[in-house]
Amino acid sequence: MTNTKLAIVYYSATGINYQLAQWAEEAAKNSGAEVRLVKVQELAPEAVIEGNPAWKANAEATKHIPTATSDDLDWADAILFSVPTRFGNMASQMKQFIDIQGGLWAQGKLANKAVSAMSSAQNPHGGQEATILSLYTSMMHWGAIIVAPGYTDASIFKAGGNPYGTSVTQGQDGKPVEDVKDAVAHQTKRLIETAGWIKNGRA
């Protein structure tokens with residue numbers, strides 16, 4: 001796993017997906033992977049962010065995180081996405097980032113990347129699974145290799161049993177309701193391991 005390169009690409013308004021991304025980063029580094037933790041560009045008007053204390057606080061807390069670019073995807077052997085749901089679909093910020101990757105796609109540089117995804121919503125049935133599946137649809141167009149966690153570890157059941165990717169409910173306190181840290185770690189390590197198989201198999 002030492003030479004596997006993982007890009008963790010996330011969008012987070014109030015911090016939940018940033019937390020998921022941080023747990024993934026920790027697990028990836030513990031697995032010996034090279035890691036880039038990047039956030040997609042914010043599209044919301046500044047006035048809207050300023051009017052939401054939690055959103056504003058998260059924007060301030062993550063100023064040091066680099067903005068994701070096409071180079072991060074090109075560099076990576078594996079890509080882990082983390083994004084909140086918006087009406088059962090991925091947030092527009094992540095969709096816009098995916099939509100501008102036509103150049104890489106046309107060059108075949110997104111094919112055979114190992115990919116996986118995580119999501120969040122404000123209630124247990126708020127569209128987390130649909131959001132992950134919508135993201136995987138784009139990945140199929142890339143020719144990427146989707147690495148879902150399935151039911152390959154007990155941590156997935158503890159986290160709520162989503163076989164498509166780790167998902168979480170945001171509580172009233174702004175923190176995850178379910179205990180998902182171990183599931184994030186398992187999903188991340190599984191992704192890195194699979195990316196290593198693909199990379200070594202092509203060598």
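Here a student and a tutor talk through a predicted model, its strands, one histidine, its rings and its charged pairs.

Student: Before we start, what kind of model is this?

Tutor: Residues are numbered from 1 along each chain as its sequence is written, and side-chain values use heavy atoms, with hydrogens and water left out. Local features need pLDDT of at least 70, side-chain atom pairs count only at pLDDT 80 or more, and totals for chains, interfaces and linings use all residues, for this is a predicted model.

Student: Is strand β1 largely enclosed or largely open?

Tutor: Strand β1 covers residues 5-10, a strand being a DSSP run of E with at least two residues, while a helix is a run of H or I with at least four, both numbered from the N terminus. Buried means under 20% relative accessible area, exposed over 50%, and partly exposed in between, with a 1.4 Å probe and protein chains only. Five of the six residues of β1 are buried, so the rest of the structure leaves this strand largely enclosed.

Student: Which residue of β2 stands opposite Leu6?

Tutor: Two strands pair if DSSP finds at least two bridges between them. Six bridges join β1 to β2 (residues 34-39), in the parallel sense. Opposite Leu6, in β2, stands Val35.

Student: Which helix belongs to the β-α-β unit with β1 and β2?

Tutor: The unit is right-handed, a term for a crossover whose path from the first strand over the helix to the second runs clockwise when the strands point away from the viewer. Together with β1 and β2, the unit is made by helix α1, residues 16-30.

Student: What is the bridge partner of Leu6 in β3?

Tutor: β1 also pairs with β3 (residues 78-86), in the parallel sense and over five bridges. Ile8 stands opposite Leu80 there. For Leu6, the partner in β3 is Ala78.

Student: How many residues of β3 are buried?

Tutor: β3 has pairings to β5 (residues 114-121), parallel and over seven bridges, and to β4 (residues 89-90), antiparallel and over two bridges. The strand is mostly covered, and of its nine residues the buried ones number eight.

Student: Which residue takes a positive phi in the hairpin of β3 and β4?

Tutor: In this hairpin, Thr85 has Met90 of β4 as its bridge partner. There are two residues between the strands, and the one with a positive phi near 55° is Phe87.

Student: Is His186 buried or exposed?

Tutor: His186 is found in helix α9, residues 181-202. Contact means heavy atoms within 4.5 Å, and, leaving aside neighbours within four places in sequence, His186 is in contact with Thr152, Asp153, Ser155 and Ile156. Its relative accessible area is 18%, so His186 counts as buried.

Student: How many aromatic pairs does the whole structure have, and what is the centre-to-centre value for Tyr151 and Phe157?

Tutor: Rings of Phe, Tyr and Trp (its six-membered ring) pair if their centres lie within 6.5 Å, with planes under 30 degrees apart called stacked, over 60 edge-to-face and the rest tilted. A search of the whole structure finds three aromatic pairs. One of them is Tyr151 with Phe157, which is stacked, with 25° between the planes and a centre-to-centre value of 5.2 Å.

Student: Which residue lies over the face of Trp75?

Tutor: A charge sits over a ring if NZ of Lys or CZ of Arg is within 6 Å of the ring centre and within 35 degrees of the ring normal. At 4.2 Å from the ring centre of Trp75 lies Arg36.

Student: How many salt bridges are there?

Tutor: Side chains of opposite charge can pair when their charged atoms come close. The rule for a salt bridge is a side-chain nitrogen of Lys or Arg within 4 Å of a carboxyl oxygen of Asp or Glu. Lys56 and Glu50 form one, with their closest N and O atoms 3.1 Å apart. By this rule the count is eleven.

Student: How far apart in sequence are the parts that Lys109 and Asp74 tie together?

Tutor: Lys109 and Asp74 form a salt bridge, their closest N and O atoms being 3.7 Å apart. Lys109 lies in the loop between α6 (102-106) and β5, and Asp74 in helix α4 (residues 70-75), so the pair ties together parts whose separation in sequence is 35 residues.

Student: Which helix holds Lys158, the partner of Asp182?

Tutor: Asp182 and Lys158 meet in a salt bridge of 2.7 Å, N to O. This pair links distant parts of the chain, 24 residues apart, with Asp182 in helix α9 and Lys158 in helix α8.
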